[in-house]
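Work through the exercises below with the sequence and the 3D view at hand. Try each task before you read its solution.

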Amino acid sequence: MKLKEIDRTAMQAWSPALQHPIYLATGTSAQQLDATFSTNASLEIFELDLSDPSLDMKSCATFSSSHRYHKLIWGPHSMTTDKSVSGVLIAGGENGNIILYDPAKIIAGDAEVIIAQKDKHTGPVRALDVNIFQTNLVASGANESEIYIWDLNNFATPMTPGVKTQPLEDISCIAWNRQVQHILASASPSGRATVWDLRKNEPIIKVSDHNNRMHCSGLAWHPDIATQMVLASEDDRLPVIQMWDLRFASSPLRVLESHTRGILAIAWSMADPELLLSCGKDAKILCSNPNTGEVLYELPTNTQWCFDIQWCPRNPAVLSAASFDGRISVYSIMGGSMDGLRQKQVDQLSSSFGNLDPFGTGQPLPPLQLPQQTASQSVVLPLKKPPKWIRRPVGASFSFGGKLVTFENAKAQQQPGIDQQQQQQQRHHVYVSQVVTEKEFLARSNQLQEAVRSEGFVSYCQKKIDMAQADFEKNVWAFLKVNFEEDSRVKYLELLGYRKEDLRKKSLKDRKREPGDSVSAKKTFNISVSGDVDGLITQALLTGNFESAVDLCLHDNRMADAIILAIAGGQELLSRTQEKYFAKVQSKITRLITAVVTKNWKEIVQSCDLQNWREALAAVLTYARPEEFAALCDLLGNRLETEGDSLLQTQACLCYICAGNVEKLVACWTKAQDGNSPLSLQDLIEKVVILRKAVQLTQAVDPNAVGALLAEKMSQYASLLAAQGSIAAALTFLPENTNQPNIVLLRDRLCRAQGELPVGQEALKAPYERQPVPKARAGSVAGLMQGPQAPAHQYYQQGDTPPPPGFVMPGAANPNMPPQQATSGYNMYLQAGARPAYPQRPQNGWNDPPALNRAAKKKKVPDNFMPPVPITSPIMNPLADPQSQMQQPPAPTPPVGAPSFQPPHLPAGQPVLQNPYQPAPQSLGPCIVPPAVSKTSTEGAPGAPIGNAIQHVQALPTEKITKKPIPEEHLILKTTFEALIQRCLLSASDPQTKRKLDDANKRLEFLYDKLREQTLSPTIISGLHNIVKSIETRNYMEGLNIHTHIVSTSNFSETSAFMPVLKVVLTQANKLGV
């Protein structure tokens, strides 16, 4: 995306990274003329103001110079923070002169702006570079292999890096190493690059491509890797950028071929090593990834060539390009809008005509209307990948389950021959950590879970009583403990302070204090029937009128006599008498006696003073029937909550514990306690869980019944457990029979965090299951999907002449194999209309290549062992029963020593699908029956054994060979190589190529065995993974280059078994274009 534009035919130099604001210096370019053929030269400084939307750059100063320039750089030497402009402008002139300018004086408008100048060089100075470690050192290059090292502190006498290279040639580019301060590289148009060591004062290595003569137009060191650099070629016959590694400088490490004509300049970003700018004669400016060769961005430019391109040191997203049409353009690789450029073009066109009609009418022109375009047409997309400076170097994020995901980009040591992109991916370490912030909470939760698991509720409650600090806490746990003991009501009374034994002892003491009653002697008594009250009572009793007698006693306030007579008069009379008694007598305990006699405990609970709640609860515990006990406790608890003070409100919890009302206990506890902290929630859940267990033991209630408030608290508790990483425990505490959305969502997340699916949800189908799978074969096909691909043994395409009857097709399926689903794309015989398949003989038939039996061990042969039937037996047995040949033979037993292979990735007990990519062959007419299953005959060929010799051989047990599984990170090597061989087999037409590929597929087993045994070096494994990447992108030439590098840098004995055949596969794939 173009940001700014300067109409100058000039060389350019950005101000150093420490300079702010950003300046761009331009010096008139040598050997270039504009349309006016002017020979004047100038040095200008422009300010980059990105806040200004226009394309014009503000010119800060202009200095008329007598020199034109081949190279211009702005060095950071003697930079100071107190000056607005600092550093040194270093220019390479036409006549071998090097000039130092003071940019601060240029901007200030001083006449004397030149610091120093020397004309030591022969010919024009085309190469300049500043050492980033010692900014006072500047390297310059000119004709006749001249290279000088200038010290800006002592500019008079330059140094040389060593003896001039022979033959003498021009120095087109020069560059200091970005990691080692005493290493310098120079390049010449002949294509040779020389690396100098200033400590030794001599060249240490020369790099050149002997096969292709390059015309070097650009040289740049890798910003991070000290031994790597790139060379650009200006030759149209070889428009490439070569990436070299000095550790193996025999050939380029990588070649970038994105340009179609010669490359004029390159620039490697110091902020991101994966961004390399290049401009060429094809009028393109490309931003490529030198590690992969991928073009990440193509700048929208005009049709003119660019001869100089540079990154801005301070703003890494900005670059400038100088073109031969007399224009310097400033671009951004982050994209943007083209509206500003289009508007500038329109304004230029309008200003060319002025305000009047050019056709002489004298009428002013209307404003030029731009055609309306969609927004997408004027928007320039940024890079394909984010640049390094906007990537996060570190990051952290909390995830579900108390997991903390962090990443950091650790810098790894570069290894030769390994794709740098892969190495950078390896440096991105992602850590998943379990964060535990509530250790006491987790410890108490584990104790609760252990108590529930072991059902040790009594000991758990006792432990809580011992640990409790407050008296109320002790009372609560004491009440909870009583629920698991016998005679719970009696124990409740004892906790309330009422023990029957203590009352009995007190009453006995009172009796002992009273004087003993002497038994009166039997005396005669007088039955008086006088008219007084006693006489009237006597008359009523003598006539059996108990009711009148009771009334008379009550009237005379003789309460005891009235009650005694009422008892004799029956229950109805007693009840009326009791009512009259309670109505007439008022004392402190009258209402209690009334409740005891009438069993009206609801009245006591509703009317008693709340300060006597313990006495009311004790009365309920003593007298209430089981069916009304819970309701009365709830009623008392409600009164304490609604009418009592804060202290009484907390005591309501004890009533709810007695009632077994979990939901009200939760509500009461939540009001009384601070339920925000994890430990207070743990306190509540402990009591709730214990009380629920007690209720389940004593009452016939649904154990899964959960109220709304309790469900909310349990979900909060489960969330806290999950946040501490206790996923399984959180699931056990989460309510089950609730439809609250937040709880359903939490359950789903917990199940998925454990790798399970919530109840009622089906497993998601894998994306690769394209075909319907029969239910009876689901297990086998599931194993097939992940298994290795089909061995490449089929040599006959559809439409070819079928093999003669009896011909053994290597790798064909067992004749008795049930039909199996086959993966489309790997089965040659799947389509309808294919010619019939033929039954085969057992493995290792007479026409088969010898099987590889690497791991089979020799078994002891029994003394009565008989040799097997010779191969002539089934052919030269004319008297064999013809019907037996027509029958479908049973599945043959594998011969002795043949491995019975179980794919390592299938679980034990899962059926193994043999030859999964072959269909079930059909028996069509007479066929050759394998000798192991044919009916034996008494007459056979001479020398053939008779009887049950073959059956005896079959009776020997087969030996299984178990192989280690290939590590999961390397399984992609096997699947990719086998898939590539399959594609080649499908595309190949001649049998010779197919035989090569078939042999390669077998010999690659050596590689797979080494992967299983993990005996390959990391360098080879990394190179193989790079080959897999090139296969995935169909770039087989790159794969062959990596192959060559692996073979040349590794131990021959380590790779000789499989690398040659891997080269055959890559060569055939490249040839077939699969």
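**Exercise 1. Find how many residues of strand β26 are buried, then find its partner strand.**

Step 1. Strand β26 spans residues 306–311. Strands are DSSP runs of E with at least two residues, and helices are runs of H or I with at least four, both numbered from the N terminus.
Step 2. Of its 6 residues, 6 are buried, so the strand is mostly covered. Buried means under 20% relative accessible area, exposed over 50%, and partly exposed in between (1.4 Å probe, protein chains only).
Step 3. Strand β27 (residues 318–323) runs antiparallel to β26, and 5 bridges join them. Two strands pair if DSSP finds at least two bridges between them.
Step 4. Take one residue: Ile309 has Ala321 in β27 as its bridge partner.
Step 5. The connection from β26 to β27 is a hairpin through 6 residues.

A note on the source: this is a predicted model, where local features need pLDDT of at least 70, side-chain atom pairs count only at pLDDT 80 or more, and totals for chains, interfaces and linings use all residues. Residues are numbered from 1 along each chain as its sequence is written, and side-chain values use heavy atoms, with hydrogens and water left out.

**Exercise 2. Which residue forms a salt bridge with Glu450, and where do the two lie?**

Step 1. Recall the rule: a side-chain nitrogen of Lys or Arg lies within 4 Å of a carboxyl oxygen of Asp or Glu. The structure holds 27 salt bridges.
Step 2. The partner is Arg453, with the closest N and O atoms 2.6 Å apart.
Step 3. Both residues sit in helix α5 (residues 439–454). They are 3 residues apart, about one turn of the helix.
Step 4. Check the exposure. Arg453 is exposed at 58% relative accessible area, while Glu450 is partly exposed at 42%.

**Exercise 3. What does the pair Glu473 and Lys687 tie together?**

Step 1. Their side chains meet in a salt bridge of 2.9 Å, N to O.
Step 2. Glu473 lies in helix α7 (residues 471–482) and Lys687 in helix α20 (residues 678–698), so the pair ties together parts 214 residues apart in sequence.
Step 3. Lys687 is buried, with a relative accessible area of 1%.
Step 4. Leaving aside neighbours within four places in sequence, Glu473 is in contact (heavy atoms within 4.5 Å) with Ala468, Trp669 and Lys687.

**Exercise 4. Is Asp197 buried or exposed?**

Step 1. Asp197 is buried, at 5% relative accessible area.
Step 2. Its salt-bridge partner Arg199, at 3.9 Å (N to O), is exposed at 64%.
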